[in-house]
Each structure stands twice: as C-alpha cells, then as structure tokens.
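Student: Could you take me through the salt bridges of this model with care, and then look closely at one helix that borders them in the chain?

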Amino acid sequence: MNSLAREIESLASTLQQIQRLSNSLESKADNSHLNNELDSCYSTLENLQLKILKYKKSLAGTSGSGNPIRDGYMKLRYLNDKEPIAEYKQQISRHHGSIQLQMQALGMVVAIVDNQKVQARFDKTESMLVQIAEAVRQRQKPVKSDQPTATGAVRGVLISGYVRPALRQVQAITANIPKGVVVAKPIMEGFERAVLECRERCQVLADRCSKDNASYRDTDFEIDVDLIGGTRNCLDNLLVGAEETSDLEPEAVLRVRDVFLIPTFLKAGNIQDVGETTDIARRWWQAGLATALNISSLVERLCVFQDQHTGIYGFLFHRDGAWVHSIIDDNLYMLKADWDELSDEDRLNLQVQTTNNNNMEETYRDQFQTGSRSLYFSSCKDQNEIWFPLMEKAYAKAHGDYSALHWGNPGSFQDKTEWIGPWSNPSSEWTPEWMQRLNHDFANPQLFWIEYKELLRKYMYIDRTRIFDSDWTVAQQWVTVEVQQDDDYQDTSFVFTLHRKSEIVISLSQLDSRYYCGLEGLYRFQLHFHIYADGDDELITASRGNYIGCRSVSAECELPPGKYSVHLQISATKLDSAQSVTEVIAKNSRLRRSKLLQAGLQYDIAHAKALGWRPLRARQVGRENDPKTKVAGEGSSSKSETTNGDARSEAEEDGEGEEEEKAWDAICAVGLRVFSHDPGLELEVVLSDELRALFEEEGAGSVE
C-alpha cells in the first residue's frame, strides 16, 4: 500500500509537469481539453489515495477473531466489494490514453516531458492496482480456525492454511500420498509432463499479451514494483531484518529490450561463456551450473518456452524428487540507477566519457545500463546473451527470492581456478603426439588433465553428477520421523523388491529448505543409511559420508533379484541461535505478512508429501505452546510428556539437563528414491509401531 501511494504521488508530479508545459506553449492552440483531462486524472488519483488510506487502516485493525492476518484480509475484501479498486485501473488507463492524444494534438515535444517516463509511471501504477485487486479477488473466505491467537502467529500445522486456495493445494498433495507399495515409473515421465504443463501455461500468457499488445508482467515476482516500494520480498528471505542484514542493493530494474542492443537467448558454442561474479556467496551456483552445462543442449531442455516479443520465459527445476516450473518476465536488476533517479551531485560526480553535454543521459545509459556488464546479478560474458541471468531469475523466483542464491554446495563442484601444474592447459608436457593420443585441445578451459598422484594430493573430495537417461526407472516415498537426542537409528525403514538383476542407485534426501528459508526450525540433520538383504544381517552397502552437505546421501551397487531393506540412521543437532517455526511466524506475521505467506506456502507444500507430517507437527506445535510439556531427550514421546505440574523427571530432580530436556523435539521429513533398470521395482515404507499407531490415530495423510 505504501509503495502504491508513493507511485501515485510520482504520477501526479509528472502530470503537473505536463500541465506546466501545456500552459507555457506559445502557440494559440486550445489546451483546455488537455487541462480538463489532467484535472480529471488528479481527481481520480485523489480518490484513489483516500481509498488506499482506508485499506491501510483496515489492515492495521486488531479487533475480531484475534488473528490480525485473517481480520485484515476480511476487511480488505469487504472494502473491495463495496468500492472495487480494480475500477481505478481502468479509469487511470483511460486518462493515460486521452492525455497522450491531447498532447499529440497540441504538438507538444514528447522528448521534453520524456514520454517513456510518463508511460512507466502509468504502467507501474496500473500494475500495482491489478496486483492488489487480483490478491483481493483470489483471497476467498478464510478457513475457520478453532485455534485463534493473540500473538499474530497462525497456530496449527499449516502456515498458509487459513485461506482456501492454499489449503486446497496442500490437500491435493496429501490426498496423493502413496499408501503401501509404490511401483517404479519411467524416469522421464515426470519431466515430460512438466514440460507440457509449463508450455501450456506460457502460451496462454503469451496469447493474452499479444491480444492486448502488451509485454508480460509477472505479478507473482514483480521485481520493479518490489524494489521501488521497498518491500524487497523478491530480494530478501524471512531472516533478513530479524537475524541478518541484506547486502543486495540493486539500483534499478529494466527489461531485456532496454538493456541489450541485440538480445540473443543463447549463441551457438557459447554454453561455457559464463561471466565471473565478484560475489563469492553466489559462486557455488555458477560452478554447479557450469559443470552441468557440459551436457549438450541442456539449457534448451530446461528453458522450455521463450518469447522475446512478450518477454515470457518458462524454466524447469528439480525439487524434492519432482520437476517444477518457473515462469518469469524479462525484467532484470541493474547495477546503476536510472538517469532520472540520480541527483545533480551524482550526475556531476559521474565519470561519463562524452564531449556533448546535451547527450549526457544517452551516454550514461550506453556506459552503465547497456549489455551484460550492466546487470547486478549473474551475466554472460557475451554482451548480448541473456540465458544465464534469466535462468538465475527463474531459480530465484522458484525459491522465493534472490537471497536463495547465497551460499551453497553444487552437486558437482568445479574449481573455477584451473589446475596449474604438470599436464595443465597449456604445459610443456603437451606435445603434438600426446594431444593426438589423448584427443585433447585447449578450446575448453573447463576441461583439463592431471596426474593421478596430483589429483589425490590436491583434492580431498570429488563429487560426480550422474545423468539418468530414459533406460532408468525411479520409485520414491517420503516419510516423517522423530529423531531422538541420543539414538540416531530409526525403527522406520524402507523395503524395495527387485524383480531382475540391475544396477541401482539409492538416494536419501531431506527437503530442500532453500524454498522456505527462515522456516527450517531449530535442528539440522545428518543422514546415513545401510542396505541389507531381507532377513539377512550382513551389510551389502551403505551411503557414502556427506562430508560437506547434509541434504542427501547416496549409494550405488548391482543387486540380484530379491527383497532388500534400507535402514535409516539420522542424527540431529540443535542450533542455539536458531528459531522455531512458531517463533518465526510470530515475528513476521505483521511486518512481513506477504513474505511469510509466500514462504509458508512453500513450507506447507514441501512437507505435505511426507507421510505422517501432520500428526507429528501438530504434536510438536502443541508442545511448543504448552508450558507444562516436558520433552525428554531419551525414550519415546509418550514417556516424555507430562501434564501434571507436580510430575518431575529424574533429571529435573537432580537439577541437571532441565533446559535440554524441555527443548528437544526433533522431527525430520526424508525421502528415498531408488533408481534401477527394473520397471517393476516396488518400494514401501515400513513404519515403527509407535509411529503407525500415531498416524492411524491422527489420520495421517489428511489435512483438516
């Protein structure tokens, strides 16, 4: 609301500039029609400002159910029903068209009033109105809750579940949680389905834009409005402002057509032409992507839709065992501010190389807002290539914000500083005979040779990216487990049946928390597993150690037909500086409500696929909100709960470990994927007796 109010003031100021110019015209042309249209537009803007003031007051209300989020949206919806804000978008659009016609009729010099700036002001105002109107329209009647809260936190299992659209989305996922045996599917099936869905959605948007003769504006990730308004939801995660400060400071946002002279998505042979970043926090992303891009045509397969005319691009990413799409517009963050936003002092201090003072603005744009070098985030080395910044933006949108690109571990790390030593590129060891013998050249600097002894000396760990083709199948299941403080072996396990001899790859993963950064909770988990033949105590193989990352571990082997058990070993570490999910919700429910809902929906969607998440999370929330609950770090949960204030554990009586026992309550959602060449492979979760009883009692797999 504040950003819209500021944009309206800027638009009004621009209109005043036009009116002053109109009144100063030396010609005898009748400018009364233009002035009347400007006055009418002023009136519309004043009414809109009053409406915004009403909306802001309604959102600040505290009376009602005790849940200010729900009450605010109910009031907002009521006001919109009485006085639809969408009508103002139409009125302002009509004013804009009429003002342009009157200006042309008067022969006003468009360059003086900067028609592009006027257009931008109208576009941003109209876009904000559409965004608010759409948000209100989609916010249907909130779900009734029997757990109101006076603290502003949405207490319960679902963070986003008080509005029906989010609830329906989560319900659809939980309804499809497999119960019992899962049969393997062709590995390409999910990818091909995601490609079709993404292309269909993109085409609908493109047709709509072509019909309206307009460029696409992604109102779900509108980085220009987000930057101008100062909300920064597209830049910062939930931790920024509470525990962290943001170092992301782009100065402007421009479309591809305004930055690149001859924009080209991907030039032939340029796949490794990725620009370096000075931000070490983002190098993991560039390193991982550069490694994967050694695969021919991978960029084209991941970008399944591109339309430069409307500015629509659709990308695919793999998330928690499934393909998801990310559809974006072509707005990109810039290093330097727009010329109009610079102060006179800033303009004087600029080292702009020009001999024509009347052309300073154009020269500034050429030097600071043209080509790949002008982008704030990643770019291609080629000054007109755009695939890399667009893919990065799609990744940021899929994960909620650009801060998701900070710090990580690429699945296959590529040392960006090349090997320098014997057999490096180039070195004296490379004779024409050796180059021919090893079929090597220096064309690709990312490929190099190194002696085995030097490899062992220089690199302690090496990750490998494995590519599965259409000959492979995959079966997967997700489950939620409790992790005890002093026992990391789980009674819950997985069983798979192989019907023919096959090479297999088994991967055990946690959920990717980059999608809901800030809501990870108090614990960090380390994963491990062991594989046994069913009924046999002899270990077949185990997952390799996860030396740096803890999100997934894997093992590879060849097995004959038979039934096999995968036993889980999961340990947890409680972080002293971390906040519980409930605490994060309470801190962000007022000041960063929209960001909380966005991250909360991703959190809910991710966990909804895990069998048993609802009852275990509900019990965890109950313990967090019950001051009488004691959670012991040893034994089952049923033994660790006390409802009688006089009941005390032995540790409490001894005066030792009281805080530790109260705090420990770790649950973790994990997924197992089994890749093989057996189309009939079967996978099943084997729950512990305690968890099975809890799930059946609570109705696991349903969201109420």
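Tutor: A residue is called buried when its relative accessible area is under 20%, exposed when it is over 50%, and partly exposed in between. Please keep in mind that the model is predicted.

By that scale E361, at 25% relative accessibility, counts as partly exposed because its value falls between the two cut-offs, and R365, at 33%, likewise counts as partly exposed. The side chains of R365 and E361 are joined by a salt bridge, with 2.6 Å from N to O. Both residues belong to helix α14, which covers residues 360-368, and they are 4 residues apart, about one turn of the helix. In general, an α-helix has 3.6 residues a turn, so residues three or four places apart point the same way.

This pair belongs to a set of 18 salt bridges in the structure. Another of them joins K397 to D218, where the closest N and O atoms are 2.9 Å apart. Here distant parts of the chain are linked, since K397 sits in helix α15 (residues 387-399) while D218 sits in the loop between α8 (189-212) and α9 (223-229), with 179 residues separating the two. D218 has a relative accessibility of 1%, and it counts as buried because that value is under 20%.

A further salt bridge brings together the side chains of R255 and D330, at 2.4 Å from N to O. It too links distant parts of the chain, with R255 in strand β3 (residues 252-255) and D330 in the loop between β6 (322-328) and β7 (331-334), 75 residues apart. Both R255 and D330 are buried.

The helix that comes before the loop holding D218 is α8, and it deserves the closer look. α8 has 24 residues and spans 35 Å from its first C-alpha to its last, which is close to the 34 Å expected at 1.5 Å a residue. Its buried residues are F191, A194, V195, C198, C202, L205, A206 and C209. The buried residues of α8 pack against α12 (298-302), β4 (303-307), β5 (312-319) and β6, and β6 is also one of the two strands that flank the loop carrying D330. Just after α8, N213 adopts a positive phi of about 55 degrees.

Key:
Residues numbered from 1 in each chain as written. Predicted model: local features only at pLDDT ≥ 70, side-chain atom pairs only at ≥ 80, totals over all residues. Heavy atoms only, no water. Salt bridge = Lys/Arg side-chain N within 4 Å of Asp/Glu carboxyl O. Buried < 20%, exposed > 50% of the residue type's maximum accessible area, 1.4 Å probe, protein only. Expected span 1.5 Å × (residues − 1). Contact = heavy atoms within 4.5 Å.
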